[in-house]
Every structure is written in structure tokens, then in C-alpha cells.
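Trainee: I would like to go through this model with you. Where should we begin?

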Amino acid sequence: MSVTIAMRRSRRLLIVIGVVAATLVSTHPVAWGTAPSEQYSPTVVAVQARETTNKTLVKRFFHAVNRGDLTAAGRALHVDLVQHKPGLANGREALLRHQAALRAKHPELRYDIKRLFAEGNLVVVHGNLVRERGDAGIAVMNVFRLDDGRIAEQWEVSQEVPAASAIGNDMFSTLSAPQVSRPLPLSTDADSKLAAGGLFAEVINEPDAALRRQGIDRYIGDNTYYQHFPGVPNGSAALVEFMDAVYAAQPDYRADVKFVVAEGDLVLVYAHLKNLFADPEVLSADLFRVRDGRLLEHWVALETLPAG
């Protein structure tokens, strides 16, 4: 074989290898937030595939509810659904009856999904439940646990949206850049959990005012900290003032964190609050956006638990 022919064949082989490599990269993107050795591991790929499937199933559930098609919605629910929503019984039929009653009372009812993300078998949905035209609606934070392609467990925190915000920020928009609602690789799951969990441990649950300020400096710093909590302005100084007021009113205030869920830069903290001002028992779902280990933006829903 001549040298010229051999060189031509080598070039053809390099071209083929390059095309195959490019195809693999385009069809198997790098898993953000994983070590290089884990980026293409079967475990990571399987988890990502399951999370995508779970998010799709939850979307289909809400689309069916919005159409009033409770038969289709029921196919997404486990018959023995475990229910944590205050006032609702366990089981698929109880949730479907609840949805049917809402639809009968509000024929134009619609659930507008604002944010949706997943970690493992948990899916978080932040949305606005609008009952009729012109209604400001209800801010709803849902967490679903999926098992074998069905919603097997539900947690929910709901709060009426005020007709007007005293601070100008609504309860749903994205103000930090980039202004998108989907989870982004601006932070890893672990870093997002660390920042949100740190805020609760070192600020929300810290009775010492000086230590609270240190925690706010650590987890917010000089970020603008866009705030969607009605009545609380943007910025870390407003958070300092709010927490000072909480502890002045109730020195034995406490936030009992139940779980934390994160995907990329979005992280949700689900907690049971005790002695928040005049309310002895409150459920809270706090959603944060994180970048470089610092909190950028905060959405929340608070629901007072019925006595007893």
C-alpha cells in the first residue's frame, strides 16, 4: 500500500470517529453537577431518565385536571395515595372527589404551572390555582412522590394571592437573571441544598440576632435577594427586620424542616413552623434560586393548620 493511500484512509477514519463522537455528545449531554467519572455512569443516566419521566407524568396529571378529565387524572394516581394536604383523606378517590367539587364550584378553574423540577422520585410544582377570570388565585406548592409510574404521595401548601403587593413583586415571576422559570445549572443540587438548609439552620432557627445577621451575610451576602413573600421587600436588610420581628413576637418560634428537594439552581424547603406570630401551627414551602452558594430569589406559600 502506498503512503498516499494510507494517509487518505487514515483521514477517512478520523472523520468517521469525529462524527460518532459528536453524535454521542449531542445525544448524551453531560450531567450537570456530577464528577467527570459519574457523568455517563449508568446510575446517573437512569436517575435522570426517571426524573424526566416523573416530571412528564405530573405535567399530564395537571393538564388532565385543567381539562376536567378526571378519568385521565386518576390514571396518574396510585389507588392508595398517601395524602398530607390538610383536610383531605388518603386514597386516589378522595383526591378525585376534591377536584370534582372544585370544578363544580369553579367551572373555569385552571392550574397554571410556574415551576416544575425533580430530584429522584420527588417532583416539585409551584403554581397558581385560578378559580375564575380576574381572580388573583392561590399560590400552591406541591410535592409528589412517585412510585412505579404513579403519584403515590402528596404534600401541599396553599396561600391566597393578595390583590396587590405592598412591595410590587408578585408571588410567581422570576426577577433574577436569566429570567426563566425552569431549573438551570447555575448551582448543583448539593450546593442549592446547602445554601437553603444553611439559611434555615443559621438564620430562620437562630434566636441570636447577631448570629442571624452573620448567617444572612453568609447565604445571601451582597446579592439583591429578590423577594416574593407578600409584605417583605427585596434585600437582606428586609429579611433581618422580618426575622427580628418574628423573634420579638415569639421568642420560642421554631421551623422544623421536614425535607429539602433540589434540581440545579432551584431548591424547596418544606417545614412545619411553630409560633409564627399569632399562628401556633403553620406549614411552609419555601422555594429559592441559588447561584455560587448564595440565595438570589425567594418564593413561598404559608398555610395555617386548623386547630386540633
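Mentor: With terms: strands (E, at least two residues) and helices (H or I, at least four) are DSSP runs numbered from the N terminus, and two strands pair if DSSP finds at least two bridges between them. This is a predicted model, in which local features need pLDDT of at least 70 and side-chain atom pairs count only at pLDDT 80 or more, while totals for chains, interfaces and linings use all residues. Residues are numbered from 1 along each chain as its sequence is written, and side-chain values use heavy atoms, without hydrogens and water.

Trainee: Which residue in E8 does arginine 254 stand opposite?

Mentor: E7 and E8 (residues 266-276) run antiparallel and are joined by nine bridges. Across from arginine 254, in E8, is lysine 274.

Trainee: Why is one side of E6 and of E7 left without a neighbour in the sheet?

Mentor: The open sheet has mixed pairing and the order E6-E10-E9-E8-E7. E6 (226-227) and E7 (254-263) are left with a free side because each stands at an edge, with a single partner strand.

Trainee: Which element supplies the largest share of the largest nonpolar core?

Mentor: Such a core is a set of buried Ala, Val, Leu, Ile, Met, Phe, Trp, Tyr and Cys residues joined through side-chain atoms within 4.5 Å; buried means under 20% relative accessible area (1.4 Å probe, protein chains only). This one has 32 residues, with Leu199 and Phe288 among those touching the most other members. H5, H6 (209-219), E7, E8, E9 and E10 are among the elements that each give at least two residues. The largest share, seven residues, comes from H7.

Methods
Buried means under 20% relative accessible area, exposed over 50%, partly exposed in between (1.4 Å probe, protein chains only).
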